[in-house]
Amino acid sequence: MEPKTITAEEFDQRFDAGEDILDYCDLDQIQRPGLVVESVQIELPHWILEALDREAQRLKIPKEDIIKAWVLERFDAA
């Protein structure tokens, strides 16, 4: 279904008034800025991968999630 068309000003007014504005949004094209996922490839020594695997098993989460959490912690500490 095509979204209904209104001006940006009307959209803002309806949003500010607490109205449901989803009929005016193209949900097939919606994105959350800063949250688009991209892949990277890194090479790590075998012992690091083994340590990551052990930690992932201990926490019962994918090792990719551990890496993301540790990278974010590093940025937060900076």
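How exposed is D65, buried, partly exposed or exposed? I looked this up first: D65 is partly exposed, with a relative accessible area of 32%. My scale calls a residue buried under 20% relative accessible area, exposed over 50%, and partly exposed in between, using a 1.4 Å probe and protein chains only. Areas come from the Shrake-Rupley method with a 1.4 Å probe, and for residues only the protein chains shown count as cover.

**Ground rules**

I am working on a predicted model, where local features need pLDDT of at least 70 and side-chain atom pairs count only at pLDDT 80 or more, while totals for chains, interfaces and linings use all residues. I number residues from 1 along each chain as its sequence is written, and side-chain values use heavy atoms, with hydrogens and water left out.

**Entry: salt bridges**

I searched the whole structure and found five salt bridges. Each needs a side-chain nitrogen of Lys or Arg within 4 Å of a carboxyl oxygen of Asp or Glu. I noted three pairs, as follows.

D65 shares a salt bridge with K68, at 3.4 Å from N to O. Both residues sit in helix α3, three residues apart, which is about one turn of the helix. For helices I take DSSP runs of H or I with at least four residues, and for strands runs of E with at least two, numbered from the N terminus.

E55 pairs with R58, and their closest N and O atoms are 2.7 Å apart. These two are three residues apart in helix α2, so about one helical turn separates them. R58 counts as exposed, at 55% relative accessibility.

D23 and K4 also meet through their side chains in a salt bridge, 3.9 Å from N to O. D23 lies in the loop between α1 and α2 and K4 in the segment before α1, so this pair ties together parts that are 19 residues apart in sequence. I checked both ends for exposure: D23 is partly exposed at 38% relative accessible area, and K4 is partly exposed at 48%.

**Entry: the largest pocket**

I then looked for open space. Rolling a probe the size of a water molecule over the atoms shows where empty space is left. On a 1 Å grid over the protein atoms alone, a cavity is a set of points where a 1.4 Å probe fits but cannot get out; a pocket is an open set with protein on both sides within 12 Å along at least five of seven lines, and lining residues have an atom within 4 Å of a point.

The largest pocket has a volume of about 680 Å³. That volume is the space filled by probe spheres set on the points, with grid points joined across faces, edges and corners. I counted 17 lining residues, of which E38, V40, E64, I67 and K68 lie nearest the centre. Which helix gives the most to this lining? Helix α3 (residues 63–77) does, with seven residues. By type, the lining has 11 nonpolar, two polar and four charged residues. Here Ala, Val, Leu, Ile, Met, Phe, Trp, Tyr, Cys and Pro count as nonpolar, Asp, Glu, Lys and Arg as charged, and the others, Gly among them, as polar.

**Entry: loops and the surface**

I found a nonpolar surface patch made of L22, L27 and I30, with about 300 Å² of accessible area together. Patch members have over 30% relative accessible area and no salt bridge; like charges are joined within 9 Å and nonpolar side chains (Val, Leu, Ile, Met, Phe, Trp, Tyr) within 5 Å. L22 is in the loop between α1 (8–16) and α2 (46–59), and is partly exposed at 47% relative accessible area.

D26 is in the loop between α1 and α2 too, partly exposed at 37% relative accessibility. The C-alpha atoms of D26 and P3 are separated by 5.7 Å, with their positions 23 residues apart along the chain.

K60, in the loop between α2 and α3, has a positive phi of about 60 degrees although it is not a glycine. Most residues other than glycine have a negative phi. K60 counts as exposed at 71% relative accessibility.
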